[in-house]
Each structure stands twice: as structure tokens, then as C-alpha cells.
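User: I would like a close look at one part of this model, going through a single helix and its surroundings. Please give the cut-off for each term as you use it.

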Amino acid sequence: MSAENSRAAESSHPTPALYGLILAILVSGTALTYFAATWEMGIFNPIVALTIACTKATLVILYFMHVRYSNKLTIITVCAGFFWLLILISLSLSDYLTR
Amino acid sequence: MSTNQTTAPATGHHPAWAHQFENMQQQKEASSFGMWVFLLTEIMMFGGLFTAYMIYRIKFYDAFVAGSSSINVQWGFGNTLVLIGSSFTMAMAVWAAHKGKRMQQVVYLVLTMVLGTAFLGVKAVEYKAKYDECHIPGQVIGKGFNATGGPGCSGEGANIAEELEHPKTLAGKEVAGKPRAAAEQIARQSELFFVFYFAMTGLHATHMIIGLGVLAWILRRAWKSEFGPAYYTPVENFGLYWHFVDIVWIYLFPLLYLINRIPHH
């Protein structure tokens with residue numbers, strides 16, 4: 001029972017100011033991804049678009065979804081999910097792109 | 001055992017505490033873990049769609065660009081901002097619940113609902129435009145798929161073949177396009193792009209509709225002061241779901257709307 005108090009104190013939350021900052025970055029990222037799509041960058045167009053999207057997603061996961069403030073079990077669960085996604089996409093594409 | 005149960009209320013523990021858990025913190029961590037495992041299955045479901053999308057986009061790149069360029073990027077851009085905004089208000093609702101600010105929590109939950117509904121409204125407008133342009137895949141809905149200028153298919157980008165054959169610059173000047181036969185073939189193949197467009201945005205919108213339903217239930221409980229610093233797991237876990245749906249859209253917007261928006265010179 002005494003462990004309850006000490007562990008509850010551990011789980012801190014981001015402040016509204018930080019949430020506001022994340023919102024501002026997400027909005028700027030959306031504008032940036034739109035303008036990037038109108039520039040001729042060849043093969044780098046999709047790479048830039050996906051890099052911005054991944055940055056935005058990471059910010060949402062770390063701050064809005066509190067993963068930065070979560071326990072190790074949650075962090076490894078999230079990592080396992082995206083690692084699986086990476087296997088799915090990379091192995092499928094390595095097959096289709098080399099046929 | 002029976003004596004324990006009769007004396008339990010006298011200990012004054014939190015009503016939300018389920019007795020199989022050591023304490024409230026352990027209960028919260030178990031719920032959070034369960035929620036994340038559920039979200040992992042969601043990643044797998046959307047992941048399959050994203051992988052299939054990428055394979056076909058690479059294989060039929062011209063058709064995907066043609067289809068993508070025919071959807072209204074302004075609506076998609078606006079909707080992205082609306083959804084990011086709703087993610088912010090949802091995060092604030094969780095924060096308010098954690099701090100025990102009931103009224104703020106209710107306001108932020110209502111704002112999240114309003115933004116979520118606005119997103120679906122815009123989506124309906126976009127679907128209607130595609131319906132009028134005969135860009136719904138298959139021959140069942142409306143007049144059937146037709147991107148080569150079928151009768152009764154109105155709308156700015158309805159005739160994808162015409163667009164490919166006689167592309168125009170931003171200033172309205174015509175530039176060299178593709179031969180008619182190639183343009184028609186690409187326009188027909190763009191049906192595949194729309195299969196993915198409707199499957200992915202449709203599955204996403206379904207998640208939004210379910211989310212709004214759960215949100216109404218959370219709002220009702222928040223209104224009845226059921227959440228506070230000691231217990232707000234349902235708000236927090238629903239927040240995880242809502243943010244996940246937001247993340248899916250963060251990928252959908254560039255992948256579906258922005259494949260290639262480089263103006264002709």
C-alpha cells in the first residue's frame with residue numbers, strides 16, 4: 001500500500017504550455033508537408049513527406065499519449081508495435097521491389 | 001471472506017478500485033497496458049492497408065498521382081488541422097481530469113466532440129464531390145466509376161483522362177500532355193487509387209464515429225464527476241485511442257492527398 005503513493009508521485013504529466021507547444025509544432029509540420037509537396041525534389045518528395053509525418057507521430061506518441069512519462073512496459077509495448085510494422089513494410093516491399 | 005466483503009465499504013477505498021488489483025496504480029497500469037495491446041492490433045490492421053497501398057502506388061505511380069491530384073487538397077489540409085486540434089483538446093481533457101478540474105474537463109471533451117464531428121462533416125462533403133465526379137470504385141454506387149468523361153459526371157477534376165492529355169499550368173496555359181490512349185489507360189487505373197482512398201479514409205472515419213460514441217459516454221461520466229486525480233483511467237485510455245486515430249490521419253494526409261502536387265511549368 002505504501003508503494004502506491006511513491007509510484008503515483010512518479011507519474012508526472014506534461015503542462016498545458018507544453019501541449020500548446022506540441023500543437024504549434026504539429027500545425028507547422030502540416031503546413032510544411034503541404035508546401036514540400038509542391039517543390040520538385042524527385043525521389044526525396046515522399047521521403048520528406050514521410051519524415052515530417054513520422055516526426056509528428058512521434059511527438060503525439062511521446063507527449064499527447066504520455067509515453068515519455070510511462071513505465072518501461074508501456075514503452076517496450078509501443079516499440080514492439082512499430083517494430084512489427086517496420087518488418088511488415090520492409091520485408092513486403094523488399095519482395096515486391098526486387099521482382 | 002464474507003466478513004471481508006461486509007467490512008470493505010468501511011475502509012473507504014475508491015469505488016472504482018477492483019479488488020483483484022493490489023492498488024489503484026497497479027489497476028491503472030494494467031488498463032493502460034491492455035489499451036496499448038489493443039492499439040497494437042489496430043497498428044496491424046492499418047499497417048496491412050498501408051503496405052498494400054505502398055506496393056500498388058509504386059506499381060501504378062502515374063495512376064496514383066492522377067487520382068491523388070483530383071481530390072481537393074484544401075479540404076484535406078483543413079481537416080488535418082481540425083484533427084490535430086481535437087487531439088490537443090483531448091490531451092487537455094485528460095490533463096483537466098488528472099487535476100480534478102471538472103468543468104474544464106467537460107468543456108475540453110465537448111470541444112473534442114465538436115472538432116471530431118466537423119472532421120466527419122468535411123469528409124462527407126469530400127465523398128459527395130467524388131460521388132458527383134463518378135470516382136467511386138466499382139459499378140454499384142451512383143453511375144459507376146468513370147474517369148474518362150462519362151455523361152452526368154460533373155466536377156472540376158472528374159475527367160482525369162482529359163487532365164492528363166491537356167494539362168494546364170497555374171496561369172492556365174496548356175502544356176504538352178500524354179497521348180490520348182495512355183491518358184485513358186492511366187485514368188482507368190486510377191480506380192485502384194480510389195479503392196485505397198475509400199478503404200483507408202472509410203476505415204479511419206469508422207474509427208472516428210465509434211470514437212464519438214465512446215466520447216459521449218466519457219462526457220456523461222465526467223459530467224457526473226466520476227473522474228478525478230485518484231481515478232481517470234477511462235479518460236486517459238480513450239485519449240490514447242483518439243490520438244491513435246489522429247496519427248493514422250497524419251500519415252493518410254500526405255500519402256493520399258500529396259503524392260505529387262508539383263505545378264506544371
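Analyst: **Helix α3 of chain A and its surroundings**

Of the contacts in chain A between residues at least 6 apart in sequence, 43% link residues at least 24 apart; a contact here is a pair of C-beta atoms, placed from the backbone, within 7 Å. The model is predicted, so local features are given only at pLDDT of at least 70 and side-chain atom pairs only at pLDDT 80 or more, while totals for chains, interfaces and linings use all residues. Residues are numbered from 1 along each chain as its sequence is written, and chains are lettered from A and ligands numbered from 1 in the order in which they are written.

Chain A holds four helices and zero strands, in the order α-α-α-α from the N terminus. Helices (H or I, at least four residues) and strands (E, at least two) are DSSP runs, numbered from the N terminus. Of the 99 residues in chain A, 18% are buried. Buried means 20 or more other C-beta atoms within 10 Å of the residue's own, exposed means 12 or fewer, and partly exposed is in between, with C-beta atoms placed from the backbone.

The helix in question, α3(A), covers residues 44-64. Its 21 residues reach 29 Å from first C-alpha to last, close to the 30 Å expected at 1.5 Å a residue; the expected span is 1.5 Å times one less than the number of residues.

Which residues of α3(A) are buried? They are Asn45(A), Ala49(A), Ala53(A), Lys56(A), Leu59(A), Val60(A), Tyr63(A) and Phe64(A). These cover an arc of only 120° around the axis, and therefore lie on the same side of α3(A); the arc is that of the directions from the helix axis to the C-beta atoms. An α-helix has 3.6 residues a turn, so residues three or four places apart point the same way. Phe44(A) and Ile47(A), on the other side of α3(A), are exposed. Just after the helix, His66(A) has a positive phi of about 60°.

The cover over the buried residues of α3(A) includes α2 (16-36) of chain A, along with α4 and α8 of chain B. Taking α8(B) of that cover, its axis and that of α3(A) come within 9 Å and cross at roughly 170°. Axes are lines fitted to C-alpha atoms, for helices over the stretch in contact, and angles run from 0 to 180 degrees between N-to-C directions. The two helices are therefore roughly antiparallel, the word for angles over 145 degrees, where under 35 is roughly parallel, 65 to 115 roughly perpendicular and the rest oblique.

On the α3(A) side, the contact uses Ala49(A), Ala53(A), Lys56(A), Ala57(A), Val60(A) and Phe64(A). On the α8(B) side, the residues are His243(B), Asp246(B), Ile247(B), Ile250(B), Tyr251(B) and Pro254(B). By class, this contact has nine nonpolar, one polar and two charged residues. Ala, Val, Leu, Ile, Met, Phe, Trp, Tyr, Cys and Pro count as nonpolar, Asp, Glu, Lys and Arg as charged, and the others, Gly among them, as polar.

Another residue of helix α8(B) is Val245(B), which counts as buried because 22 C-beta neighbours lie inside 10 Å. Apart from neighbours within four places in sequence, Val245(B) is in contact with His204(B), His207(B), Met208(B) and Gly211(B).

The other chain B helix in the cover, α4(B), is mostly covered, with 19 of its 27 residues buried. At 1.5 Å a residue α4(B) should span 39 Å, and its end C-alpha atoms are 39 Å apart, which agrees. Gly100(B) follows α4(B) with a positive phi near 75°.

In the wider interface, 38 residues of chain B are in contact with 39 residues of chain A. Elements giving two or more residues to the chain B side are α2 (24-59), α4 (73-99) and α8 (233-257). Of these, α2(B) gives the most, 15 residues. That side of chain B divides into 25 nonpolar, 10 polar and three charged residues. With 36 residues, α2(B) reaches 52 Å between its first and last C-alpha atoms, close to the 52 Å expected. Its buried residues include Trp36(B), Phe46(B) and Arg57(B), and what covers the buried residues of α2(B) includes α4 (72-96) of chain A and α3 (61-69), α7 and α8 of chain B.

Note on methods:
Two residues are in contact if their C-beta atoms, placed from the backbone, lie within 7 Å.
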